[in-house]
Amino acid sequence: MGNICDNASLHDSKETDISFPKDVTKGMNAWIYSPADGKIYRMPIDKEGKVHFVFGPAESYLFVFNKLNIKEALPWSRMPLSADDSITVEGKWQLAMHQSHPDSSWTASLDTLKDFKDMRDTTFRNFMGDVTYAIKVNLDGSSLPRYINLGKVADICELKVNGHEAGVKWFGERVYDIGHMLRKGENTLEIKVTTLMGNYMQTLKDNKVAQRFVLKRGQPYVPAGLIGPLCLASAAGISLGAEDVRSFGAVGDGTTINTASIQAAIDYVASKGGGKVVFTPGDYVTGSIFLKNGVELELQEGATILGSLNPWDYVKDPSAGWTAIVFAVGQKNVGITG
């Protein structure tokens, strides 16, 4: 059984709780099908059939319930929007502008990013076509960023980093994983933005179509161009969000041995650069688990991690020389909170 859920807003994200009836979820595995990358992800759904979800602008997802066990499917997570160590991209922007009608091209520059609709210059305010923004960013290399958030873009954007294509986005948050494209020293960012034709139609005083659908209806000017702000952030400083340990198969019933599930959650969060593994209310029994750099175990109120009564569920860390429930030997920025 499947359900398509979407966000009708073109410019704003929407955050909501989705509840599925028990006759749909009972005995079923929950999956998210992403049309953006064509992949299947595990849905972080609770025992009551509820999932908290954030839809980016104009995003759609297919939620599917079946009895399949897709072992290679990763838990659903979004790329981060904010960071503790964000670097705002500032400086003089070089613009290569191409007006679709009449066909013409020219160059311009901006000291700061601006919404074309708010500019007095009519070559910007009534622009229709594509414009490529270019800027150079110097990085010292001590901690190269991983993500870039383009901020607000109207409407279609294509990103290049040092000549490498990072992808095209026309819906959702305009966030890219570009860590593998950056280098120490000078980096060139190019963002090609294609605008819609609404603002150009404001100039067509003698066009009957424009008269009918834009001018006589008093349609306002709409956002256009790269509005930003643009931010770079390293993986370590980004609030990557929380991963529900239940998404990895953990059960807080006080009897199930969750060692493998908890370790899988830790390994996954560590592979993403760090973040939290969240334990919702329940009693989670485990043997020995190993924390990794940047991973925090967060216990919500009512959640308990219990040591297994079976001694065979524990191992001895060779470097530490002893047995424990939680190891963090040689790891940094780890913790247990709650």
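A residue is buried under 20% relative accessible area and exposed over 50%, with partly exposed in between. I start there since the terms come up throughout. What you have on screen is a predicted model.

First case, strand 5, residues 50–55. One face of strand 5 is covered, and it carries Val51, Phe53 and Phe55. The uncovered face carries Lys50, His52 and Val54. In a regular strand, side chains alternate between the two faces of the sheet. Strand 5 has a pairing partner in strand 2, residues 14–19; the two run in the antiparallel sense and are joined over 6 bridges. Within that pair, Val54 of strand 5 has Glu15 standing opposite.

Now the chain as a whole. How many helices and strands does the chain have? There are 5 helices and 28 strands. The chain has 338 residues, and 41% of them are buried. Along the principal axes, the C-alpha atoms fill a box of roughly 85 × 55 × 30 Å. The exposed area of the chain is about 18,100 Å², and 52% of that comes from carbon and sulfur atoms. As for contacts, take those with a separation of 6 or more: 70% of them join residues 24 or more positions apart.

Next, a sheet with parallel pairing. This one is open, has 3 strands, and follows the order 21-23-26. Its edge strands are strand 21, residues 253–257, and strand 26, residues 303–307, each of which pairs on one side only. From one strand to the next, the twist averages 25°. Strand 23, residues 282–286, pairs with strand 26 in the parallel sense over 5 bridges. If you want to find that pairing in the viewer, look for Gly282, whose bridge partner in strand 26 is Ala303.

Last item, the surface. Which residues form a nonpolar patch there? They are Ile156, Val168 and Trp170, and together they have about 300 Å² of accessible area. Trp170 lies in a loop, the one between strand 15, residues 164–169, and strand 16, residues 175–177. Why does Trp170 count as exposed? Its relative accessibility is 54%, and the cut-off for exposed is over 50%.

To recap: strand 5 has a covered and an uncovered face, strands 21, 23 and 26 make an open sheet with parallel pairing, and Trp170 belongs to a nonpolar patch on the surface. That is what I have for today.

Terms used:
Residues are numbered from 1 along each chain as its sequence is written. This is a predicted model: local features need pLDDT of at least 70, side-chain atom pairs count only at pLDDT 80 or more; totals for chains, interfaces and linings use all residues. Side-chain values use heavy atoms; hydrogens and water are left out. Patches are made of residues with over 30% relative accessible area and no salt bridge: like charges are joined within 9 Å, nonpolar side chains (Val, Leu, Ile, Met, Phe, Trp, Tyr) within 5 Å. Accessible areas come from the Shrake-Rupley method with a 1.4 Å probe; for residues, only the protein chains shown count as cover. A salt bridge is a side-chain nitrogen of Lys or Arg within 4 Å of a carboxyl oxygen of Asp or Glu. Helices (H or I, at least four residues) and strands (E, at least two) are DSSP runs, numbered from the N terminus. Buried means under 20% relative accessible area, exposed over 50%, partly exposed in between (1.4 Å probe, protein chains only). Two strands pair if DSSP finds at least two bridges between them. Contact means heavy atoms within 4.5 Å. Axes are lines fitted to C-alpha atoms, for helices over the stretch in contact, and angles run from 0 to 180 degrees between N-to-C directions.
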